[in-house]
Amino acid sequence: MHHPSTWAVVVPSFNHADDAITCLDALRNAEPHPGRVLLVDDASTDDAVAQIVAWAERTGIDHRIVPATSLQRDNEAASWLTIATAEANSGFVHSCNVGLRYVRDFTNAPFALLLNNDAAVAPTYFAELAKALARNPETGLLSGSIYEWDRSTVWYGGASFNPMRALATHKTDLPDTDAPTETGYVSGCSMLISRSVLETIGLLAECFQPAYVEDVDYSLRARAAGFPVMIARRAVCYHRVGSSLGRVNEQSPRTIFSVNRNRAFTLRRNYKGWQRAAGITYLAVTKPGRALLEVAKGHPRIGWAYLSGMLVGVFSPAASGD
């Protein structure tokens, strides 16, 4: 099995320099740690890049800064940290793909870890992932246990997607075995992707821009292509939940629109027949009611986000795009 020192990590990042530095510091202090890290800055509106560079210089981290549009083979220096800067904000999914495309096309890394900038891996994270892969070498997607920032509340211990409701749900109980186990989908907060998956099914589908549910779609596509989708509970990372996009009860109309559109997109892209019909029927019946409830509560913009998100998700031809 390839040693983690040959792996790459892709960190999509926007603002929140303190979170990003904590994330990078944890990666550097992991034992073993990955061979390279690519942080894709999505045109941060604060001085995040300058703060990250200052941290790298203070701590002696070998680093370089390149425009995201210039990532190519002849820029592949030996720097442990590459900061790719975008000229315009394009969203989480696009930033992920900038990094994953670079790893796939211009490196020999056998695995790419997609990691949120508000997450931090435990020191043994990569060692535990490597043990899981040694036991299940055909694994296509792999994650570990994800705890909230309090280090005790399980945020992700596996997951499932119910096509009857087009609903993705995290499990908050960990698997009852240390052996890697199958799971419904791997969270994009911390998703280890094999090169075989990247070369077979490609990148995240950008119809999910700017974010949400793209990890469910990617997991379903990987499984449909024959790749096991697994969780290894002893590999632990921590997630500052809601740091970037807010918790469920704090979400903006834009986020609510994206979540509901992308639930329907995932259903339409990965299911057929009665399962697809049942899921669409559920959304068509429940979302107008939720929209009316929000309007009655004095939240018309939120109500419209629920309704319009569902309608776009059910009817837009964009769902079939990459």
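**Close-up 1. Buried E128 and its salt bridge with R234.** In this predicted model, E128 is buried, its relative accessible area being 11%, whereas its partner R234 is partly exposed at 46%. The two side chains form a salt bridge in which the closest N and O atoms are 3.7 Å apart. Because E128 belongs to helix 4 (residues 125-135) and R234 to strand 13 (residues 229-239), the pair ties together parts that are 106 residues apart in sequence.

**Close-up 2. The salt bridge between R195 and E199 in helix 5**. The side chains of R195 and E199 meet with an N to O distance of 3.2 Å, and the two residues, four apart in helix 5 (residues 195-201), are separated by about one helical turn. R195 is buried, with a relative accessible area of 17%, while E199 counts as exposed at 54%.

**Close-up 3. The salt bridge between D217 and R221 in helix 6**. Here the N to O distance is 3.3 Å, and the partners lie four residues apart in helix 6 (residues 214-224), a separation of about one helical turn. D217 counts as buried, with a relative accessibility of 0%, and R221 is likewise buried, with a relative accessible area of 18%.

**Close-up 4. A network of salt bridges that share partners**. E128, K131, D178, R233 and R234 are joined into one network by salt bridges with shared partners; one of the pairs among these residues is R234 with E128. For the predicted model, the count of salt bridges comes to 12.

Technical notes: Residues are numbered from 1 along each chain as its sequence is written. This is a predicted model: local features need pLDDT of at least 70, side-chain atom pairs count only at pLDDT 80 or more; totals for chains, interfaces and linings use all residues. Side-chain values use heavy atoms; hydrogens and water are left out. A salt bridge is a side-chain nitrogen of Lys or Arg within 4 Å of a carboxyl oxygen of Asp or Glu. Buried means under 20% relative accessible area, exposed over 50%, partly exposed in between (1.4 Å probe, protein chains only).
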